[in-house]
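Q: I am new to this structure and would like a close look at a single part of it. Please start from one residue and then work outwards to the ring pairs and charged pairs.

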Amino acid sequence: MEQNEIYAVEYNQQGNQERKPEKGGRYFWCGLITGLVVALLIVSGVYLVNRVQNTIIARNQISNHTNTNANASREEDTSSDDTAITARTIEKMELIEDIIDTYFYQEDIDRAVLEEGAYRGMVEALGDPYSQYYSAEELAQLYQDTQGIYYGIGAYVSLDTATSYAKISGVIAGTPAEEAGLRENDIIYKVEGQDVYGMALEEVTGLIKGEEGTTVHITLVRDGVEIEKDIVRRRVESPTVNSEMYENGIAYIQITEFDTVTEDQFAEALAVARELGMKGLILDLRSNPGGNLISVVNIARMLLPRGLIVYTEDREGRRTEYKCDGTRQLEVPMVVLVNGNSASASEILAGAIKDYGIGTLLGTTTFGKGIVQRPIEMSDGSAVKLTISSYYTPNGINIHGVGIEPDVVCEFDSERYYGEERYDNQLESAKELLESMIK
């Protein structure tokens with residue numbers, strides 16, 4: 001499952017989804033050019049230098065233009081600064097494809113793969129690790145994952161910005177990942193022998209997922225040591241909310257991510273806790289990678305007082321506010337567990353709780369992702385997910401690259417947790433703190 005994401009379908013004032021129109025042909029050509037340039041890098045640079053004269057000949061063959069006409073086209077192109085799609089770039093695109101046809105060592109070239117690579121190349125050229133192109137199949141899989149069911153190993157995956165590798169940010173109980181001994185913060189080095197350095201999260205998770213009953217070989221790095229794991233994929237049902245009642249009226253609710261199903265699951269867990277006489281609440285957002293903006297806003301409306309939950313600002317400074325009417329404000333003390341893998345949507349909720357002072361944050365500083373992405377669908381079923389805005393807590397704080405500091409710092413004791421005790425020192429500290437707050 002992907003992490004560190006806020007993905008949101010745009011909603012109108014009535015709360016209904018709105019589909020944005022496709023942007024037209026210029027995006028196809030720009031993407032195709034960029035992707036084909038990326039594909040061309042497969043060809044040896046030294047080899048091409050040695051073949052300059054042949055390349056010039058190939059260029060003349062494909063263009064069927066005289067040098068005079070080619071120069072005239074380039075002169076025309078210099079007058080436009082608002083688009084990369086000109087006669088010159090189209091001509092160069094055709095030339096690059098011809099060079100690939102002429103010199104690439106494999107004869108059978110999959111044109112569909114080149115086309116997909118073109119679209120991906122355009123988005124990758126933005127240099128934003130959170131922007132991504134989705135084919136129609138990938139987009140359908142993304143939406144399926146938000147329903148809490150998929151085929152894979154049962155681990156949450158997020159981006160480790162320090163290494164440009166993906167990492168395990170959480171493990172779902174009772175899944176192949178847990179059975180194989182995967183741990184939070186394990187770096188994913190290779191999947192099926194392929195180095196995943198710099199890959200988008202969707203690419204990494206796409207390699208890990210697969211048909212039920214098949215095996216995936218993953219190379220992890222833990223504390224500087226490589227670990228090889230063969231894990232059998234199977235159907236994973238990921239409840240996004242887990243709950244439990246402890247002694248002294250302490251309710252425990254864990255949100256593992258914010259999907260479309262999370263709102264109802266959380267509402268049910270909270271209602272059950274109240275029926276069982278809840279006197280205090282532990283809200284566990286540790287290793288929650290984020291998710292759907294609308295889902296976290298609706299959950300916040302079950303906890304917060306009247307006022308602002310979060311607001312976003314786009315590049316033009318346009319502000320969108322999400323508010324709470326305060327009619328369902330939590331009436332008991334609350335402790336919120338957070339850590340370095342609590343990101344994005346989970347930081348929206350934690351940040352609002354901290355700003356209003358209705359709960360105490362315990363754990364370690366959160367991830368620090370204060371930007372919002374949205375997939376924009378096109379008529380062929382594909383989509384481009386782009387970073388479209390920054391978000392701010394009710395007090396106007398943007399936590400991007402900084403994170404949210406807890407009110408009570410409590411480092412996780414991994415040795416005790418992964419030992420025979422399975423002792424969660426952060427959770428036990430939260431219980432003790434909450435007991436002191438209950439009157």
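A: **A close look at Thr-312 and beyond**

Thr-312 counts as buried, because its relative accessibility is 7%, under the 20% cut-off for that word. The model is a predicted one. Thr-312 belongs to strand β15, which covers residues 307-313. Apart from neighbours within four places in sequence, Thr-312 is in contact with Arg-318, Arg-319, Thr-320, Tyr-322, Val-372, Ser-389, Ser-390 and Tyr-391.

Next come the aromatic rings. The whole structure holds eight aromatic pairs. One of them is formed by Tyr-165 and Tyr-197: the ring centres are 5.3 Å apart and the planes stand at 65°, so this pair is edge-to-face. An angle over 60 degrees is what earns that label. Tyr-165 is in strand β5 (residues 165-171), while Tyr-197 is in the loop between β7 (194-195) and α9 (201-208), so the pair ties together parts 32 residues apart in sequence. Tyr-165 has a relative accessible area of 14% and is buried, whereas Tyr-197 has 52% and is exposed.

Strand β15 returns with another ring pair, Tyr-311 and Tyr-392. Their ring centres are 5.1 Å apart and their planes lie at 10°, so the pair is stacked. Tyr-311 is in strand β15 and Tyr-392 is in strand β20 (residues 383-392), so this pair ties together parts that are 81 residues apart in sequence. Tyr-311 counts as buried, at 8% relative accessibility. Tyr-392 also counts as buried, at 19%.

Ring pairs also form a cluster, whose members are Tyr-165, Tyr-189 and Tyr-197. Two other tyrosine rings have a charged side chain over the face. Arg-183 lies over the face of Tyr-418, 4.4 Å from the ring centre. For Tyr-246, the residue over the face is Lys-431, at 3.9 Å from the ring centre.

The charged pairs come last. Over the whole structure there are 15 salt bridges. One of them joins the side chains of Lys-167 and Asp-160, with an N to O distance of 4.0 Å. Lys-167 falls within the residue range of strand β5, 165-171. Lys-167 is buried, with a relative accessible area of 8%, and Asp-160 is buried too, with 14%.

Arg-286 takes part in a salt bridge with Asp-284, where the N to O distance is 2.9 Å. Arg-286 counts as buried, at 12% relative accessibility, and Asp-284 counts as buried at 1%. The side chain of Arg-286 also meets that of Asp-424 in a salt bridge, with 2.8 Å from N to O. This pair links distant parts of the chain: Arg-286 is in the loop between β13 (280-284) and β14 (290-292), and Asp-424 is in the loop between α13 (414-418) and α14 (425-437), 138 residues apart. Arg-286 and Asp-424 are both buried. Elsewhere, salt bridges that share partners join Glu-97, Asp-101 and Arg-111 into one network.

To return to the starting point, strand β15 holds Thr-312 as well as Tyr-311, one partner of the pair with Tyr-392 in strand β20.

Key: Residues numbered from 1 in each chain as written. Predicted model: local features only at pLDDT ≥ 70, side-chain atom pairs only at ≥ 80, totals over all residues. Heavy atoms only, no water. Helix = DSSP H or I, 4+ residues; strand = E, 2+ residues; numbered from the N terminus. Buried < 20%, exposed > 50% of the residue type's maximum accessible area, 1.4 Å probe, protein only. Contact = heavy atoms within 4.5 Å. Phe/Tyr/Trp six-rings, centres within 6.5 Å; stacked < 30°, edge-to-face > 60°. Lys NZ or Arg CZ within 6 Å of the ring centre and 35° of its normal.
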